[in-house]
Amino acid sequence: MYGRPAITAGNYGTVCIPYSANANESNAEFYEITGKTVDGDNVSSIIITPVTTLAAGTPYIFLCEENALEMPYTGEAVTEPQQATGLVGSFVQIPKISAGNYLLNNNQIRKITEGSTAGIHQYRAYLSLDDVPELTGPLPAKAKSLHNANNTTSIKTIISNNINCNNKQNNKRYIKKL
């Protein structure tokens with residue numbers, strides 16, 4: 001079971017675990033990035049579509065209406081996280097993400113600028129919007145849009161959800177094999 005307590009209900013987040021999972025057995029909805037919309041030179045939003053099966057090591061965006069994410073998983077663990085349509089997953093904490101990438105924070109996409117110390121905790125993902133295809137035309141069925149807060153907004157010293165992330169339940173994050 002993968003668990004992430006102390007999240008803000010109704011907020012989007014990212015997740016990347018080394019096991020596969022069935023989204024229908026979780027208390028959250030899971031999404032993959034389908035594309036982005038662009039206004040001039042600026043990314044105005046990313047388009048996400050729901051998924052029901054989560055592949056091991058693949059990063060996803062989730063929306064949980066509760067204050068804790070719980071997700072049973074199955075199969076064998078993979079050793080390396082993947083990149084999927086602009087989501088770059090990690091099984092370990094990344095204390096500082098390179099400028100030009102983006103984080104999902106408070107339901108907004110925020111660009112990481114030079115001098116920022118923004119990072120992510122383990123089992124999360126950041127966004128590389130250069131790797132997301134531009135969508136032109138109608139949105140896919142059941143698609144949602146997450147808007148870019150500001151292409152010049154700097155996130156300073158934010159690490160996803162501002163909570164330490166470890167494999168121990170008493171440290172607010174856990175993964176245990178059922």
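Let me begin with a definition: on a 1 Å grid over the protein atoms alone, a cavity is a set of points where a 1.4 Å probe fits but cannot get out, and its lining residues have an atom within 4 Å of a point. Grid points are joined across faces, edges and corners, and a volume is the space filled by probe spheres set on the points.

What you see above is a predicted model, in which local features need pLDDT of at least 70 and side-chain atom pairs count only at pLDDT 80 or more, while totals for chains, interfaces and linings use all residues. Residues are numbered from 1 along each chain as its sequence is written, and side-chain values use heavy atoms, with hydrogens and water left out.

As for the chain as a whole, its secondary structure consists of 16 strands and zero helices, where helices (H or I, at least four residues) and strands (E, at least two) are DSSP runs numbered from the N terminus. Of the 178 residues in the chain, 46% are buried, and buried here means under 20% relative accessible area, with a 1.4 Å probe and protein chains only.

Now let us turn to strand E7, which covers residues 60–64 and has five of its five residues buried. In a regular strand the side chains alternate between the two faces of the sheet. In E7 both faces are covered, with Tyr60, Phe62 and Cys64 buried on one side and Ile61 and Leu63 buried on the other.

Which strands pair with E7? Strand E2, residues 12–15, pairs with E7 in the antiparallel sense over four bridges, and Tyr12 has Leu63 as its bridge partner there. Strand E4, residues 28–39, also runs antiparallel to E7 and is joined to it by four bridges, with Phe30 having Phe62 as its bridge partner. For two strands to count as paired, DSSP has to find at least two bridges between them.

Coming back to cavities, the structure holds two of 30 Å³ or more, and the second largest has a volume of about 40 Å³. Its lining includes Tyr60 from the strand we have just discussed, together with Val15, Cys16 and Met71, among others. What is the make-up of that lining in nonpolar, polar and charged residues? The lining divides into eight nonpolar residues, one polar and no charged, where Ala, Val, Leu, Ile, Met, Phe, Trp, Tyr, Cys and Pro count as nonpolar, Asp, Glu, Lys and Arg as charged, and the others, Gly among them, as polar.

Key
1 Å grid on protein atoms, 1.4 Å probe; cavity = no way out; pocket = protein on both sides within 12 Å on 5 of 7 lines; lining within 4 Å. Buried < 20%, exposed > 50% of the residue type's maximum accessible area, 1.4 Å probe, protein only.
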